[in-house]
Amino acid sequence: KYAASFLYQQIIEEVGAHPAANVSSTKSPQWKEDIKEKMDQIFERVHENFLQLRPMDQSGTTATFIYVTDEIIVVASLGDSRAIVSSYATEGGSSRLTAIQLTTDHVASNPDEQAMVEERGGYVQKEGGIFRVAGKLAITRSLGDSHLAPYLSREPHVVVMTKDELLDDAVCASSASSPLPCFVVLASDGLWDVMTNQEVVDMVAEEIEMTEGWEEQGAFQKAAERLTQEAYIRGSTDNIGVCVVAIT
């Protein structure tokens, strides 16, 4: 709860105040790098503040968020929570709904992440069939986790773009045959452990199409609830947190 509330506060203050977030502003050539640097600083600050407030607490958390203004979109992720965006791929003159993963999973089974842990003086080994940092943690980046913090990174994977760039045909392409808007799904690993990216966008689309007047009837909230229930039914044993956001 602390990480969520403080992270939100920091993003509003730091990213929301950036000139690029204002539709009327002129963007500097390096505005995306500026925001990415701010995000690195924010995640590190949240981590350090948590350790100072609760020095004996060994708990930790992953984090994934999306920040949307009329002008820009910022997605950032740390750990094995994930963000995906819907898109339409055209094949043979017809289009089909697909998923594009926006973030990178920071897990110990990834050779690059394993090398990062080792460079920090840590090690990765298999426990219970899963690669883990020091045989304990399956992720390589987190907020908190004081007992393993020296070997973990707080640098998030950050995607920064204008809303026009996201809605462009190269990313969030639309389909003339479907009224569905572009949407982003953010979720913890409790969902991704048991559902593929494609299954997730298909279920969201199905829920929206079943909801008459979905623009006013909370279809995206219903889709998030349905995904949560589906993950539980499929036997997910991890935390299940899901958010579905329409981008229009």
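This report walks through a three-stranded sheet, one buried serine, the salt bridges and the nonpolar cores of a predicted model.

## The open sheet and its helix

Let's start with the sheet. Three strands build it in the order 2-3-9, with antiparallel pairing, and the sheet is open. Its edges are strand 2 (63-68) and strand 9 (157-162), each of which pairs on one side only. From one strand to the next, the twist averages 5 degrees.

Strand 3 (residues 72-78) is joined to strand 9 by six bridges in the antiparallel sense. Two positions help you find the register on screen: valine 74 stands opposite valine 160 of strand 9, and alanine 76 has valine 158 as its bridge partner in that strand. Helix 2 (residues 31-53) packs on the sheet and touches strand 2, strand 3 and strand 9. The direction of helix 2 makes about 145 degrees with that of strand 9.

Strand 9 is an edge strand, yet how enclosed is strand 9 by the rest of the structure? It is largely enclosed, because five of its six residues are buried.

## Serine 77, a buried polar residue

Serine 77 belongs to strand 3. Its relative accessible area is 0%, so it counts as buried. What does the side chain of serine 77 make a polar contact with? One partner is the side chain of threonine 64, at 3.0 Å. A polar atom of the serine 77 side chain also lies 3.0 Å from the backbone oxygen of serine 81.

The wider surroundings of serine 77 are worth a look too. Setting aside neighbours within four places in sequence, serine 77 is in contact with Ala63, Thr64, Arg82, Thr103, His106, Pro156 and His157. Threonine 64 therefore turns up both in this contact list and as the side-chain polar partner at 3.0 Å, around a serine that is buried at 0% relative accessibility.

## Salt bridges, local and long-range

The count of salt bridges comes to eleven. A local example is the pair glutamate 33 and lysine 36, whose closest N and O atoms are 3.9 Å apart. Both residues sit in helix 2, three residues apart, which is about one turn of the helix. Glutamate 33 is partly exposed at 49% relative accessibility, and lysine 36 is partly exposed as well, at 29%.

Glutamate 113 and arginine 141 form a salt bridge with an N to O distance of 2.8 Å. Glutamate 113 lies in helix 3 (residues 111-119), while arginine 141 is in the loop between strand 7 (130-133) and strand 8 (143-144), so the pair ties together parts that are 28 residues apart in sequence. Are these two residues buried or exposed? Glutamate 113 is buried, because its relative accessibility is 7%, under the 20% limit. Arginine 141, at 13%, is buried too.

Arginine 234 meets glutamate 230 in a salt bridge, again given as N to O, at 2.8 Å. Arginine 234 has a relative accessible area of 35% and is partly exposed. Elsewhere, Glu14, Lys38 and Arg45 are linked in a network of salt bridges.

## Two nonpolar cores

In soluble globular proteins, nonpolar side chains tend to be buried together. Here the largest nonpolar core has 24 residues, and those with the most contacts inside it are Val185, Leu191, Leu227 and Val244. The elements giving two or more residues to this core are strand 4 (82-91), strand 10 (182-187), helix 5 (189-192), helix 6 (197-210), helix 7 and strand 11 (242-247).

Leucine 191 is a good place to center your view. Not counting residues up to four places away in sequence, leucine 191 touches Val200, Leu227, Ala231 and Val242. A second core, separate from this one, has 21 residues, including Ile35, Val46, Tyr67 and Ile72.

## Glutamate 225 on helix 7

Helix 7 (residues 219-233) also carries glutamate 225. At 40% relative accessibility, glutamate 225 is partly exposed. Where does glutamate 225 lie in relation to cysteine 243? The two are 18 residues apart in sequence, and their C-alpha atoms are 8.7 Å apart in space.

Definitions and conventions. Residues numbered from 1 in each chain as written. Predicted model: local features only at pLDDT ≥ 70, side-chain atom pairs only at ≥ 80, totals over all residues. Heavy atoms only, no water. Helix = DSSP H or I, 4+ residues; strand = E, 2+ residues; numbered from the N terminus. Buried < 20%, exposed > 50% of the residue type's maximum accessible area, 1.4 Å probe, protein only. Pairing = 2+ DSSP bridges. Axes fitted to C-alpha atoms, helices over the stretch in contact; angles between N-to-C directions. Contact = heavy atoms within 4.5 Å. Polar contact = N/O pair within 3.5 Å; in protein donor to acceptor, adjacent residues only side chain to side chain. Salt bridge = Lys/Arg side-chain N within 4 Å of Asp/Glu carboxyl O. Core = buried A, V, L, I, M, F, W, Y, C linked by side-chain atoms within 4.5 Å.
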